[in-house]
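Work through the exercises below with the sequence and the 3D structure side by side. Try each task before reading its solution.

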Amino acid sequence: MKFKKLMAAVTTGVLAVTSLSLSGLIGSAEVQELMNDTFESGYGAWKGVGSSLSLSTEQAHNGGTSLYCYDRTASWGAPRCSLTGIVAAGQSYEISASAMYEGSGQQNMAIKMIYTDANGTDHYDQVAAAQATAGQWVEMKSSYTVPSGATGMILYVEMPGANTDQTYYIDDVVIKGEKTEIQLDDKFESDFDNNSTQKWNGRGSADVELSTKYAHSGTTSLYVSGRTQLWNGATRSASDIMEAGGYYKVGTYVLYDGDQYTDTQKFSINLQYDLNGKENYYTIATETANKGEWKYVGSEFTVPEGATNFYIYVQTGYTSAPKEQDLMNFYMDDAVGEHLPDPAIQDDIASLKDAYSDYFKIGCACAGSEFAQGATKDLIKKHYNSLTLGNELKPDSVLDQALSQKYVAETGDDTMPQISLNEADEMLKFAGENKIPVRGHVLVWHSQTPDWFFKENFDPNGAWVSKDKMTKRLENYIKTVMETLKKDYPDVEFYAWDVVNEAASDAGTIRDAGSNNEVNGQSAWVKVYGDQSYIPLAFEFAKKYAPAGCKLFYNDYNEYSPNKQAYIISDILKPLVEKNLIDGVGMQSHISMSYPTIDLYKSAMQQYADLGLEIQVTELDVSEKSNEYADQLALAQRYQDVFKMYKEMKDSGVNLSAVVLWGITDSTSWIGGYPLLFDKDYQAKPSYYAVIDTDSEVEKLQTMTAYRYDGTDADLERALEIGTAQYLSTKTGSTNTYFKAAWSDENMVVRVYNPAVSADGKNSYVEIFGNQLDSMGGFPIDDQTITSSMEYVDLKWESNSNDWNPKSGSTVHLDVFNNNAAWNCIDVADYVFNNSDVPSGALPKCGIVTLAEQPKYAEATKTETPITIDGDIDAA
């Protein structure tokens with residue numbers, strides 16, 4: 001049974017959007033305003049189809065803003081807005097909109113409606129039309145009855161017959177009629193066992209069909225084929241369960257086969273949605289599948305505020321250079337989407353910013369897709385006193401092509417790039433209201449910067465501009481950003497700005513000239529200037545226009561790599577220091593579990609500090625793809641070692657003023673995996689506790705290898721013989737009791753040597769605990785009472801226990817108790833032995849056993865005859 005929840009249709013510019021026919025539309029007799037898009041507070045649910053959209057303050061029918069339509073690629077290119085959930089089939093409405101164009105003469109303007117009938121045929125109805133005169137607003141208004149059985153209603157305002165280079169504005173789009181309400185499902189489940197694709201369709205060139213060749217459950221899966229581009233795959237509208245700001249879990253199982261493919265392949269599940277006048281794409285999860293095996297791909301995420309028109313899609317994982325394998329056919333099954341209760345943070349744990357108040361700021365980076373969740377805001381307020389906007393102040397988010405080109409058309413001046421801070425607005429207001437200082441990121445970067453910024457007339461197809469013109473643009477751009485932030489967000493403290501980001505190549509050289517949008521790593525700045533002379537210019541202009549007290553930084557990654565660091569110091573930092581243009585260096589610190597070493601990292605920080613520069617760690621995360629408990633403990637140790645070093649460097653006199661973690665939770669990290677301090681549910685991980693108290697001891701898990709035996713006694717003895725003894729310990733130290741383990745398809749044998757007998761007459765025993773899923777809690781498997789000294793005791797874990805399927809290369813979790821001694825969880829062993837019971841939730845945390853094949857071996861015959869190496873096989 002599907003649970004339902006009721007959501008009222010949203011008015012005043014924010015729409016509940018879907019292309020599906022949803023159940024439960026309920027009408028009332030009262031006629032009221034259902035929609036009134038004035039564009040004063042954003043795009044609403046509008047997006048450009050065959051066109052681009054921008055909010056414009058140059059023209060408005062009422063108020064101060066309208067929606068500007070430009071870059072039309074076809075005569076039908078126009079702003080569109082889905083109305084499902086706003087209008088209902090068979091109902092009548094009054095629909096109006098105002099439009100205006102600049103130029104000369106007269107043009108026809110029209111409001112139109114797209115819908116799909118019961119037979120699946122699309123229709124295009126004209127709702128209202130009017131003849132517009134250049135420079136004058138015209139209103140179109142008419143009543144319209146949505147045909148019975150219609151679904152997927154979409155409203156659009158177009159300029160029929162106009163040339164594609166004709167731009168226009170729309171404003172004050174109003175719909176009046178009976179209010180409708182829409183019931184959203186809490187969940188969808190797709191098992192494909194009812195002879196239906198269950199609303200899944202092909203995306204792009206891809207086809208989907210049912211298949212009984214493989215199935216994760218039941219008898220049927222969905223086969224995806226015909227992919228010619230990476231983004232082709234399987235897709236399903238999710239507007240029957242999703243709404244803006246909601247928290248969801250979405251996932252599916254995937255499988256691939258084929259002798260022509262390698263043994264592993266990445267797959268991703270993703271969300272497409274409309275926001276800020278365009279389609280947006282978000283990777284929910286990426287996982288690596290083994291050929292011939294089902295793999296789950298999915299995660300929890302929060303839908304951005306204001307987003308509409310949701311689609312889930314499944315494809316192979318992103319790569320910048322897709323190969324034939326990346327376009328493979330694949331199978332999927334048991335896809336699920338579910339609305340979850342909003343997560344909550346832990347209020348009863350220590351605050352990171354308080355723990356480090358005597359050392360440096362503790363900050364985080366947050367992208368808009370993360371910020372929608374209320375728990376994100378709560379986590380920021382509790383733990384951080386620095387906020388970096390993950391994407392929203394980068395050049396491609398700030399620079400506005402439509403407004404820039406319009407400025408050129410009106411003034412003839414193409415040295416004044418125009419900006420928009422719409423994407424940053426919500427987070428900047430949050431920072432101001434909560435008095436959280438902001439690190440500005442980033443003004444000048446080769447990446448995430450549009451090519452049109454460097455082209456004549458801000459046209460992506462134009463010629464590259466001269467150095468002189470680009471210098472004017474650079475100054476005006478920085479000036480406009482700084483002045484607009486000061487004017488619109490006077491309560492936000494920008495304590496630092498990354499002025500230039502990643503100007504050094506990985507090899508420790510200047511970047512190649514060109515477009516990063518065409519060849520990854522190339523720099524349009526170097527293309528225009530021919531050298532790095534744009535860097536001091538950027539710092540000069542930033543120093544001229546930045547607010548008082550704001551520190552200016554150069555920021556880079558792999559900043560501890562010796563060759564790259566040498567180049568950064570000699571060719572970038574020293575010239576800026578000599579000109580007194582720079583305050584500090586940002587060490588991004590996207591580090592791994594082993595690189596850089598603490599000594600290398602520490603040395604790099606000291607070398608930057610020796611230049612007299614302030615240091616900030618600006619984008620810290622630690623790559624860890626495994627969520628196994630042992631791996632997360634290792635991650636905790638890595639974080640603790642790093643933060644100990646930060647404290648030591650601060651105590652030694654290094655001006656380390658901020659440490660910023662890049663991301664909010666594991667599920668939203670840009671590098672994937674499990675690299676941060678908080679898990680997908682906003683709960684503190686072992687890494688958090690290791691950072692909050694760098695003097696604490698990080699828990700350790702025991703590890704060992706067990707070798708396979710063939711089921712015979714002789715081979716069991718061989719497997720145990722080559723194993724390494726694992727000693728048990730008590731709270732006071734190690735014991736003489738140890739064990740080894742061997743496994744077969746039927747069981748695991750755990751042989752405990754020298755089991756101890758209690759000296760005080762208590763019942764003595766040996767017991768094994770196990771869990772094939774994780775190490776967090778071992779369940780009792782086998783035990784034996786010990787009444788006298790014994791050489792060894794054999795305990796068994798049968799493979800039919802808990803559906804355990806032993807497999808070489810896999811891991812299981814084990815602990816061994818002998819009275820108050822244990823291999824891994826000494827506390828529980830001691831408690832049980834001395835209290836004769838197990839407290840609630842006190843199952844032992846187990847160590848990790850890796851199942852392996854026995855090493856190859858052969859018997860050699862000793863000879864007294866000297867051996868000559870001659871290539872011939874000698875007689876035995």
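**Exercise 1. Describe the second largest pocket: its volume, its lining and the elements that supply it.**

Step 1. Start with the volume. The second largest pocket has about 730 Å³. A pocket here is an open set of points on a 1 Å grid over the protein atoms alone, where a 1.4 Å probe fits and protein lies on both sides within 12 Å along at least five of seven lines. Grid points are joined across faces, edges and corners, and the volume is the space filled by probe spheres set on the points.

Step 2. Find the lining. Lining residues have an atom within 4 Å of a point. There are 30 of them, and L53, Y70, K278, D396 and L399 lie nearest the centre of the pocket.

Step 3. Name the elements. β4 (52-56), β20 (278-290) and α4 (395-398) each supply at least two lining residues. β4 gives the most, with four. Helices (H or I, at least four residues) and strands (E, at least two) are DSSP runs, numbered from the N terminus.

Step 4. Sort the lining by type. It holds ten nonpolar, 14 polar and six charged residues. Ala, Val, Leu, Ile, Met, Phe, Trp, Tyr, Cys and Pro count as nonpolar, Asp, Glu, Lys and Arg as charged, and the others, Gly among them, as polar.

The model is predicted: local features need pLDDT of at least 70, side-chain atom pairs count only at pLDDT 80 or more, and totals for chains, interfaces and linings use all residues. Residues are numbered from 1 along each chain as its sequence is written, and side-chain values use heavy atoms, with hydrogens and water left out.

**Exercise 2. Trace the open sheet of five strands and find its edges.**

Step 1. Write down the order. It is β3-β6-β11-β8-β9, with antiparallel pairing. Two strands pair if DSSP finds at least two bridges between them.

Step 2. Look at the ends. β3 (46-49) and β9 (122-133) have a single partner strand each, so one side of each is left without a neighbour in the sheet.

Step 3. Add the turn. Neighbouring strands of this sheet are turned by 25 degrees against each other on average, direction ignored. Axes are lines fitted to C-alpha atoms, for helices over the stretch in contact, and angles run from 0 to 180 degrees between N-to-C directions.

Step 4. Check the bridges. β6 (residues 78-82) meets β11 over three bridges, and R80 has Y156 as its partner in β11. β11 and β8 share six bridges; here M113 stands opposite L155. β8 (residues 106-116) joins β9 through eleven bridges, with N108 partnered by Q131.

Step 5. Test β11 for burial. Buried means under 20% relative accessible area, exposed over 50%, partly exposed in between (1.4 Å probe, protein chains only). Six of the eight residues of β11 (residues 151-158) are buried, so this strand is largely enclosed by the rest of the structure.

**Exercise 3. Which side chains of strand β13 are buried, and which are not?**

Step 1. Recall the rule. In a regular strand the side chains alternate between the two faces of the sheet.

Step 2. Apply it to β13 (residues 187-190). F188 and S190 point to one face and are buried. K187 and E189 point to the other and are not.

Step 3. Find the partner strand. β13 pairs with β23 (residues 330-340) in the antiparallel sense over four bridges. K187 stands opposite E338.

**Exercise 4. Locate the cis peptide bonds between H441 and V442 and between Y595 and P596.**

Step 1. Take H441 and V442. Omega is about 10 degrees, and V442 is found in strand β26 (residues 438-445).

Step 2. Take Y595 and P596. Omega is about 0 degrees. P596 lies in the loop between β30 (590-591) and α11 (598-609).

**Exercise 5. Place Q448 and N754, which have positive phi without being glycine.**

Step 1. Q448 has phi near 50 degrees. Its loop runs between β26 and α7 (467-488). Q448 is partly exposed, at 24% relative accessible area.

Step 2. N754 has phi of about 55 degrees. The loop here lies between β36 (747-753) and β37 (764-771). N754 is partly exposed, at 38%.
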